[in-house]
Amino acid sequence: MKVSFTGTGCSGKSTLLKLCQEKYGDRFEYVTEVTRPIARKGLTINEDGDDSTQRAIIDAHIHNNRLGNAIMDRCIIDGLVYTKWLYIKGKVDHHTMDYAYTNYINLIKDLDIVFHTEPVDMVDDGERSTSADFQSEIYKLFKQQLERLKYDRVNFTGKIVNLEGSVEKRFNDIIMALDI
């Protein structure tokens, strides 16, 4: 089973993934980071991302997709959404946008459950963006992409679960979805 969290920065994905690790232990492999390791390699992320950043992120999603039974902190939806925002802003070229979209089409079909995390209060960790405008624009793109995904039953046959409310409520919703 391939499971992923998806959503804007500061939406609780890492917190929920840690709770999954505690509950499910070695039942799954866990991908705890995608974007931060890329930033630590010297590539710019968030609204300062560029072609190199987005290609590295998409490549990380391709690599993570090779895992068998896994829960991932982010997935190809994130890669597509952030690349789309950068493309709209003129920060990545059409080749990078095409690379993101092509890999989205190829990888999305392998996801069984996508947990979309609604934003929570932003915390400055020194790596992710704290721009409210950036977060708002990214959130709108996520909502649009997830709405499209609901109707794309050719490439995606999995389940989308929207997570909102307290950490406890979100985690209970995760348990219900995973323990079917």
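Contact here means heavy atoms within 4.5 Å of each other. Every view below comes from a predicted model.

**View 1. T35 and its contacts in helix 2.** T35 sits in helix 2. Leaving out residues up to four places away in sequence, T35 touches I45, I57 and R74. Is T35 buried or exposed? T35 counts as buried, because its relative accessibility is 18% and the cut-off for buried is under 20%.

**View 2. N46, a residue with a positive phi.** Here we've moved to the loop between helix 2 (35-40) and helix 3, where N46 has its place. N46 isn't a glycine, yet its phi is positive, at about 60°. N46 is buried too, with a relative accessible area of 16%.

**View 3. The largest nonpolar core, with L149 in focus.** This core has 33 residues, and those with the most contacts inside it are I77, Y104, I108, L111, I138 and L149. Which elements give two or more residues to it? They are helix 3 (51-65), strand 3 (70-72), helix 4 (76-88), helix 5 (94-107) and helix 6 (132-151). Helix 4 brings the largest share, 7 residues. Now zoom in on L149: setting aside neighbours within four places in sequence, L149 is in contact with I77, Y104, I108, F156 and I160. Another core lies apart from the largest one; it has 17 residues, including L16, I71, L163 and A177.

**View 4. The second largest pocket.** About 170 Å³ of space lies in this pocket. Its lining is made up of V31, E33, V34, P37, I38, K41, L43, A56, A60, H63 and N64. Helix 2 and helix 3 each supply at least two of the lining residues, and helix 3 gives the most, with 4 residues. How many of the lining residues are nonpolar, polar and charged? The split is 7 nonpolar, 2 polar and 2 charged.

**View 5. The salt bridge between R36 and E33.** One of the pocket-lining residues, E33, turns up again in this view. The side chains of R36 and E33 meet in a salt bridge, at 3.4 Å from N to O. R36 is buried, with a relative accessible area of 16%, whereas E33 is partly exposed at 28%.

**View 6. The salt bridge between D179 and R27.** A search of the whole structure turns up 7 salt bridges, and the pair shown here is D179 with R27, at 3.5 Å from N to O. The pair links distant parts of the chain, 152 residues apart: D179 is in the segment after helix 7 (167-178), while R27 is in the loop between helix 1 (13-24) and strand 2 (29-31). D179 counts as partly exposed, at 40% relative accessibility. R27 also counts as partly exposed, at 39%.

**View 7. The salt bridge between K143 and E118.** Side chains of opposite charge can pair when their charged atoms come close. In this view the side chains of K143 and E118 meet in a salt bridge, at 3.3 Å from N to O. K143 lies in helix 6 and E118 in the loop between strand 4 (113-117) and helix 6, so the pair ties together parts that are 25 residues apart in sequence. K143 is partly exposed, with a relative accessible area of 35%, but E118 is buried, at 10%.

Definitions and conventions
Residues numbered from 1 in each chain as written. Predicted model: local features only at pLDDT ≥ 70, side-chain atom pairs only at ≥ 80, totals over all residues. Heavy atoms only, no water. Core = buried A, V, L, I, M, F, W, Y, C linked by side-chain atoms within 4.5 Å. Buried < 20%, exposed > 50% of the residue type's maximum accessible area, 1.4 Å probe, protein only. 1 Å grid on protein atoms, 1.4 Å probe; cavity = no way out; pocket = protein on both sides within 12 Å on 5 of 7 lines; lining within 4 Å. Points joined across faces, edges and corners; volume = space filled by probe spheres on them. Nonpolar A, V, L, I, M, F, W, Y, C, P; charged D, E, K, R; others polar. Salt bridge = Lys/Arg side-chain N within 4 Å of Asp/Glu carboxyl O.
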